[in-house]
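Visitor: Please take a close look at one part of this model, the aromatic rings and the charged side chains around them. I would like the criteria stated along with the values.

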Amino acid sequence: GKLDLHGFSLKEAEIQLQKFVDKSFRLRKRFLLIITGKGINSKPNIHGKGQTIKSEIYNWLLDSFYDDKVQYISKALGRHGGEGAYYFFLKKSQNIFS
């Protein structure tokens with residue numbers, strides 16, 4: 001699956017990422033491409049800090065929501081977005097009805 005977060009605010013992107021990971025996990029997808037963009041057009045916040053989706057994604061993954069879903073992430077290859085994208089490798093979901 002692929003999710004492009006270009007154009008979203010930080011809060012919207014965080015929500016979209018969580019929804020996408022949750023849905024993908026429930027559908028038993030194992031490999032996701034998350035496009036964050038490089039953040040070169042982002043403006044600093046009121047405190048002068050340049051927060052971008054790219055810079056915040058690792059902080060979002062600290063949330064316990066992701067503990068049983070995301071195995072690891074890595075930066076994407078150039079043809080998939082390079083510095084502005086990540087591969088998410090999801091854990092195997094356990095079928096509670098087996």
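Guide: What follows goes from the overall fold to the rings, then to the charged groups and one loop residue. This is a predicted model, in which local features need pLDDT of at least 70 and side-chain atom pairs count only at pLDDT 80 or more, while totals for chains, interfaces and linings use all residues. Residues are numbered from 1 along each chain as its sequence is written, and side-chain values use heavy atoms, with hydrogens and water left out.

The protein has two helices and four strands, where helices (H or I, at least four residues) and strands (E, at least two) are DSSP runs numbered from the N terminus. Along the sequence these elements follow the pattern β-α-β-α-β-β. Of the contacts with a separation of 6 or more, 59% are between residues 24 or more positions apart; contact means heavy atoms within 4.5 Å. Of the 98 residues, 34% are buried. Buried means under 20% relative accessible area, exposed means over 50%, and partly exposed lies in between (1.4 Å probe, protein chains only).

Now the rings. Rings of Phe, Tyr and Trp (its six-membered ring) pair if their centres lie within 6.5 Å; planes under 30 degrees apart count as stacked, over 60 as edge-to-face and the rest as tilted. By this rule there are six aromatic pairs. Tyr72 and Phe89 form a stacked pair, because their ring centres are 4.5 Å apart and their planes meet at 20°. That pair joins distant parts of the chain, with Tyr72 in strand 3 (residues 70-75) and Phe89 in strand 4 (residues 85-90), 17 residues apart. Tyr72 is partly exposed, at 44% relative accessibility. Ring pairs also bring Phe31, Tyr72, Tyr87 and Phe89 together in a cluster.

Lys69 is placed over two ring faces: that of Phe65, at 4.1 Å from the ring centre, and that of Phe25, at 5.8 Å. The criterion is that NZ of Lys or CZ of Arg is within 6 Å of the ring centre and within 35 degrees of the ring normal. Lys69 is buried, at 8% relative accessibility. Its side chain also meets that of Asp68 in a salt bridge, at 3.1 Å from N to O, and Asp68 is partly exposed at 43%.

A salt bridge here is a side-chain nitrogen of Lys or Arg within 4 Å of a carboxyl oxygen of Asp or Glu, and the structure holds five. Another of them joins Lys75 and Glu83, with the closest N and O atoms 3.4 Å apart. Lys75 is partly exposed at 43% relative accessible area, and Glu83 is partly exposed at 43%. Salt bridges link Lys54, Lys75 and Glu83 in a network. Within helix 1 (residues 10-26), Lys11 and Glu14 are three residues apart, so about one helical turn separates them. Their closest N and O atoms are 3.7 Å apart in a salt bridge. Lys11 is exposed at 53%, whereas Glu14 is partly exposed at 27%.

Lys54 also appears among the contacts of Thr36, which touches Ile53, Lys54, Ile57, Gly84, Ala85 and Tyr86, not counting residues up to four places away in sequence. Thr36 is in the loop between strand 2 (31-35) and helix 2 (53-60), and is buried at 7% relative accessible area.
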